Amino acid sequence: MESSPPKGSVTIKIEDLQPVNNGNKNTNDGQYCLKENALGGWSSAFLLLANQGLATLAFFGVGVNLVLFLTRVLGQDNASAANNVSKWTGTVYLCSLVGAFLSDSYWGRYLTCALFQVVFLVGLVLLSLSSWFILLKPTGCGDGKQICVPTTSFGSAIFYLAIYLVAFGYGGHQPTLATFGSDQFDESNPKQRNSKSSFFSYFYFALNFGSLFSNTILVYFEDRGNWTIGFWVSTASAALALVAFLVGSSGYRYVKPCGNPIPRVMQVFCAAFKKLNVSLKEGEELYEVEGPDSAIKGSRKIFHSEEFACLDKASIITDEDKRGPPNPWRLCTVTQVEEAKCILRMLPIWLCTIMYSVVFSQMASLFVEQGDVMSTNIGKFRLPAASMSAFDICSVLAFTGIYRRIVVPVAGRMTGNPRGLTELQRMGIGLVLAMLAMVAAGVTEMERLKLVVDGERASRMSIFWQVPQYVLVGASEVFMYVGQLEFFNGQSPDGIKSFGSSLCMASISLGNFVSSMLVNVVMAATASGGRLGWIPEDLNLGRMDLFYFLIGVLTAVDLVVYVAFAKWYKGISFEGNYDEEEG
């Protein structure tokens with residue numbers, strides 16, 4: 001609700017910003033740009049998709065086989081390697097929050113993407129050099145047959161510095177790139193609004209298309225001990241990604257940062273607490289600045305919502321507020337309060353996605369270790385266990401097309417929603433598929449154990465029995481992660497768009513940390529009293545199937561909680577523009 005500003009205050013205006021002018025008169029979507037002649041659109045978006053594909057190729061050239069590098073080259077045991085990979089992957093996506101904060105608050109999307117890509121490239125160069133000159137001694141070791149010379153403390157330190165620079169660079173770059181890509185489309189134009197929705201599907205498609213090369217060709221070379229070649233190819237791909245990004249600089253649509261959101265949110269809670277005993281009197285309205293612009297630069301006004309009514313007290317105008325200029329620590333606009341409410345509404349949905357990320361994290365750790373003790377021979381050719389993730393990628397690519405070409409039209413006719421399924425419905429389907437993937441992995445492990453031959457490391461069961469679990473995880477990603485990107489970006493206020501995109505990455509991060517914690521807890525509970533535990537060094541003596549079933553049960557419980565929160569959720573509604581649909 002709008003009202004006049006308090007007596008003695010001035011109307012807050014957003015100065016020195018101009019709306020985008022890209023040839024379309026209807027561009028007042030609340031997104032303000034640095035350049036009036038910036039075009040954006042698909043021409044710029046395609047360059048960003050190419051950047052995404054190349055950067056992902058580089059990242060997975062390191063990440064997809066990292067668990068085997070740790071066991072074969074650094075000599076770590078299976079449980080330790082799986083935990084270290086989970087922690088590293090978790091750090092990658094936790095860094096997305098850092099990139100999102102800098103992007104939204106100070107640097108803007110373009111500069112944030114560029115700088116984090118430079119850090120990413122430096123990490124890859126350092127990793128390639130350290131592997132070449134320090135870690136891989138003798139040459140060709142780390143192929144599963146030839147043992148590497150134990151590395152020194154200095155070598156290990158350089159290695160971990162390199163991979164965590166890779167984590168920091170790639171993590172900070174990802175959510176900002178997704179948001180920067182969506183910025184290339186004008187939300188007030190219905191056609192471009194649909195293009196923006198399509199962009200997130202293509203963004204995830206590009207991610208998986210780029211990783212396909214890493215999960216097939218690079219994995220093959222690395223599995224044969226040619227780790228340095230794999231790392232240098234990743235470095236070259238990251239360099240090309242940076243070049244592709246910089247090439248489009250003159251044509252991008254730039255959005256100015258909206259300032260640090262942390263003080264804004266704190267001000268809402270502080271003001272609401274100070275007015276804990278104040279109530280809105282009949283006939284009075286909540287405080288909002290006059291004019292079409294909100295008090296948050298570059299952000300549209302948001303309509304008032306009924307949830308978390310206690311925070312509305314921050315917008316009640318008291319006699320003290322009327323005696324002087326508005327103090328943001330005592331009086332906040334409706335839009336500022338709604339920004340805080342949006343974060344609170346999204347939080348339980350986001351927490352429910354963490355369990356899904358626990359399932360997703362198994363592909364880079366336990367799925368690889370499971371495949372490594374299965375029959376991997378096709379004639380004389382030995383299939384690297386990590387290359388099985390190519391089935392996950394192909395599943396993502398296939399189901400992306402199936403969803404857009406079949407599911408959306410059919411669901412659209414049934415529900416009346418032109419998008420087919422809402423984002424929240426898609427995320428729920430993703431959880432169901434993830435649960436089924438864990439059941440499939442558990443059944444496969446049960447059968448693998450039955451075909452173990454005494455005295456042999458690998459079971460007689462073919463590694464291709466892992467295909468169903470990889471395909472199910474891939475199908476779930478199309479529903480869960482693409483749905484997350486659309487949901488958190490679309491439901492975030494303009495001032496924290498990158499933060500919204502980073503929530504998807506942060507979910508992956510915490511999922512990896514929770515996975516690591518689960519491994520530790522399970523091993524502590526099952527390896528006591530002289531027992532080997534569920535995930536011992538020799539998996540043929542363990543019960544990894546029970547660990548998979550445990551994750552499946554936890555995912556089922558998470559699904560029930562998620563459905564409850566999804567039914568409760570109410571979507572954001574912007575003033576003076578189209579309303580965001582409920583997830």
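Me: In this predicted model, are cysteine 141 and cysteine 148 buried or exposed?
Reply: The model is a predicted one, and a residue is called buried when its relative accessible area is under 20%. Cysteine 141 falls in that class, and cysteine 148 does too, so under the 20% cut-off the answer for cysteine 141 and cysteine 148 is buried.

Me: How far apart are the sulfur atoms of cysteine 141 and cysteine 148?
Reply: A disulfide calls for a pair of cysteine sulfur atoms within 2.5 Å. Cysteine 141 and cysteine 148 form such a disulfide, and the count by this rule is one disulfide. The distance between the sulfur atoms of cysteine 141 and cysteine 148 is 2.1 Å.

Me: What is the handedness of the disulfide of cysteine 141 and cysteine 148?
Reply: Handedness is read here from the torsion about the S-S bond, which for cysteine 141 and cysteine 148 is about 100°. Because of that torsion, the disulfide is right-handed.

Me: Which cysteine holds the sulfur closest to that of cysteine 95, and why is there no bond?
Reply: Cysteine 95 counts as buried, because its relative accessibility is 10%. A bond would need sulfur atoms within 2.5 Å, whereas the closest cysteine sulfur lies 15 Å from that of cysteine 95, which is too far for a bond. That closest sulfur belongs to cysteine 113.

Me: Which helix gives the most residues to the largest nonpolar core?
Reply: The largest nonpolar core has 123 residues, and those touching the most other members are Phe59, Phe69, Trp88, Phe120 and Phe159. The greatest contribution to this core, 13 residues, comes from the helix spanning residues 78-135, namely helix 3.

Me: Which tryptophan is in contact with phenylalanine 69, once neighbours within four places in sequence are left aside?
Reply: With those neighbours left aside, the contacts of phenylalanine 69 include Leu74, Ser131, Leu135, Leu136, Phe159 and Phe231. The tryptophan in contact with phenylalanine 69 is Trp227.

Me: Which helix gives the most to the nonpolar surface patch?
Reply: This patch of about 370 Å² is made by Phe213, Ile217, Phe221, Ile229 and Val233. At least two of the patch residues come from each of helix 5 (190-223) and helix 6 (227-247). With three residues, the one that gives the most is helix 5.

Me: Is isoleucine 217 buried, partly exposed or exposed?
Reply: Isoleucine 217 is found in helix 5 and is one of the residues making the nonpolar patch. Its relative accessible area is 39%, and since buried means under 20% and exposed means over 50%, isoleucine 217 is partly exposed.

How values were computed
Residues numbered from 1 in each chain as written. Predicted model: local features only at pLDDT ≥ 70, side-chain atom pairs only at ≥ 80, totals over all residues. Heavy atoms only, no water. Buried < 20%, exposed > 50% of the residue type's maximum accessible area, 1.4 Å probe, protein only. Core = buried A, V, L, I, M, F, W, Y, C linked by side-chain atoms within 4.5 Å. Helix = DSSP H or I, 4+ residues; strand = E, 2+ residues; numbered from the N terminus. Contact = heavy atoms within 4.5 Å. Patch = residues over 30% accessible without salt bridge, like charges linked within 9 Å, V, L, I, M, F, W, Y side chains within 5 Å. Areas by Shrake-Rupley, 256 points an atom, 1.4 Å probe, with all protein chains shown as cover. Salt bridge = Lys/Arg side-chain N within 4 Å of Asp/Glu carboxyl O.
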